[in-house]
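Trainee: I am new to this one. Can we go through it together, one question at a time?

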Amino acid sequence: PPPPAAPAATESTMTNTAILTASALLLFAYLLDIAGRRFRLPSVVLLIVAGVIGRQLLDRLGLHLRWVDPVVPILGTLGLILIVLEGALDLAVTRERTRLIAISTASAVGGFVLTLLPFTLLFHYVLGLAAAVAALAAIPFAVISSAVAIPSAAGLPDRTREFVVYESALSDIVGVLVFYAWLAADDSLRGFALNLVGGGIGTLIAAVFAALGLYYLINKLDGHVRFLPLIAGLVCLYAIGKELHLSPLVLVLVVGLLFNNPH
């Protein structure tokens, strides 16, 4: 029989391999971010291309890292939260920016509707999907992803970058609200309108109270390390909002705006 120490040694080797792989991936992502800024290319697009190529290489070599599939969605969620939070922390809410916020809101909603319609028609007439199913499938294609837009706007002028942050965050919010409202409406326009209005109001109320509670908690903490409790609180709020079919990015956006604009 094998010695008792063999399983422990194998587990230790797997742990070290996972740590080294995760560290190497993070450093590689950082290098891609530097390369994207240098050559004026969206770093997220470079990461997507690198991920697709890496997966193809692993499949051809017959390698399958079992820990990748459950870990990647978690890292992706944390990355999205940090991206929206960083963007919100750079935004200043003042009377002078009222027009900018209004324009970005109109752009997010208008762009969503104008993109949703052709994709719905495409899925309905080309793929043969029912109209309700085609509209539901078209919603993700009509959203401006914050994960792509906000990092890509890092090198733009301040005013333009603020517009991109507002527009992409609001586009995500609109997309999530419309998706869940239509999903629960059972093909009823009246039910969709009620779900959309109720979900929007509920999300906004929950976001305000959650942001105030987290702001109060963070300011009551002693010591200099407040970033980890903030991130833990945001992740918790994000998960709760997602379970309740609210728009969790609203929570993140409102928290970031409150911390940067306590007045």
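Here is a walk through the helices, their packing and the cores.

Trainee: What kind of model is this, and how many helices and strands does the chain have?

Mentor: This is a predicted model. From the N terminus on, the elements run α-α-α-α-α-α-α-α-α-α. The secondary structure comes to zero strands and ten helices.

Trainee: What does the C-alpha trace span along its principal axes?

Mentor: Start with the chain, which has 263 residues. Buried residues make up 30% of them. Along the principal axes, the C-alpha trace spans about 70 × 55 × 40 Å.

Trainee: Among contacts between residues at least 6 apart in sequence, what share joins residues at least 24 apart?

Mentor: Take one pair as an example. Leu89 and Asn260 are 171 residues apart in sequence, yet their C-alpha atoms are 5.3 Å apart. Across the chain, among contacts between residues at least 6 apart, the share joining residues at least 24 apart is 67%.

Trainee: Which helix gives the most to the largest nonpolar core?

Mentor: That core has 32 residues. Leu214, Leu230, Leu234, Val252 and Leu253 have the most contacts inside it. At least two residues each come from α3 (68–89), α7 (158–185), α8 (189–220), α9 (227–243) and α10 (248–260). With nine residues, the helix that gives the most is α10.

Trainee: Which residues does Val252 touch, leaving out those up to four places away in sequence?

Mentor: Val252 is among the residues with the most contacts inside the largest core. With residues up to four places away left out, Val252 touches Ile81, Val84, Leu85, Leu234 and Tyr238.

Trainee: How many residues does the second core have?

Mentor: This core is separate from the largest one. Its members include Ala134, Ala138, Val174 and Phe192. The second core has 15 residues.

Trainee: How are α8 and α10 oriented to each other?

Mentor: Their axes come within 8 Å and cross at roughly 45°. The crossing is right-handed. An angle of 35 to 65 degrees falls outside the parallel and perpendicular ranges. That makes α8 and α10 oblique.

Trainee: What classes of residue make up the contact of α8 with α10?

Mentor: From α8 come residues including Ala206, Ala210, Leu214 and Ile218. From α10 come residues including Val250, Leu251, Leu258 and Phe259. By class, the contact has no charged residues, one polar and 15 nonpolar.

Trainee: How are α8 and α9 oriented to each other?

Mentor: The two helices pack at an angle of about 160°, with axes 10 Å apart. Angles over 145 degrees count as roughly antiparallel. Therefore α8 and α9 are roughly antiparallel.

Trainee: Which residues of α8 meet α9?

Mentor: α8 passes α9 in a right-handed crossing. On the α9 side are Pro229, Leu230, Gly233, Leu234 and Leu237. By class, the contact has seven nonpolar, one polar and no charged residues. The α8 residues are Ala210, Leu214 and Ile218.

Trainee: At what angle do the axes of α4 and α5 cross?

Mentor: Helix α4 covers residues 98–125, and helix α5 covers residues 131–138. Their axes come within 8 Å, and α4 passes α5 in a right-handed crossing. The two are oblique to each other. The angle is roughly 130°.

Trainee: Which residues of α5 make the contact with α4?

Mentor: α4 brings Leu116, Phe119, Thr120, Phe123 and His124. By class, the contact of α4 with α5 has eight nonpolar, two polar and no charged residues. The α5 residues are Ala131, Ala134, Ala135, Ala137 and Ala138.

Trainee: Is Ala169 buried or exposed?

Mentor: Ala169 is found in helix α7. Leaving out residues up to four places away, Ala169 touches Ser146 and Leu253. The C-alpha atoms of Ala169 and Val84 are separated by 7.2 Å, though the two residues are 85 apart along the chain. A relative accessible area of 3% makes Ala169 buried.

Trainee: What does Leu89 count as, at 34% relative accessibility?

Mentor: Leu89 is found in helix α3. Beyond neighbours within four places, Leu89 is in contact with Gly256, Phe259 and Asn260. Buried means under 20%, and exposed means over 50%. At 34%, Leu89 therefore counts as partly exposed.

Notes: Residues are numbered from 1 along each chain as its sequence is written. This is a predicted model: local features need pLDDT of at least 70, side-chain atom pairs count only at pLDDT 80 or more; totals for chains, interfaces and linings use all residues. Side-chain values use heavy atoms; hydrogens and water are left out. A nonpolar core is a set of buried Ala, Val, Leu, Ile, Met, Phe, Trp, Tyr and Cys residues joined through side-chain atoms within 4.5 Å. Buried means under 20% relative accessible area, exposed over 50%, partly exposed in between (1.4 Å probe, protein chains only). Helices (H or I, at least four residues) and strands (E, at least two) are DSSP runs, numbered from the N terminus. Contact means heavy atoms within 4.5 Å. Axes are lines fitted to C-alpha atoms, for helices over the stretch in contact, and angles run from 0 to 180 degrees between N-to-C directions. Angles under 35 degrees count as roughly parallel, over 145 as roughly antiparallel, 65 to 115 as roughly perpendicular and the rest as oblique. A crossing is left-handed if the near helix is turned anticlockwise from the far one by less than a right angle, and right-handed if clockwise. Ala, Val, Leu, Ile, Met, Phe, Trp, Tyr, Cys and Pro count as nonpolar, Asp, Glu, Lys and Arg as charged, and the others, Gly among them, as polar.
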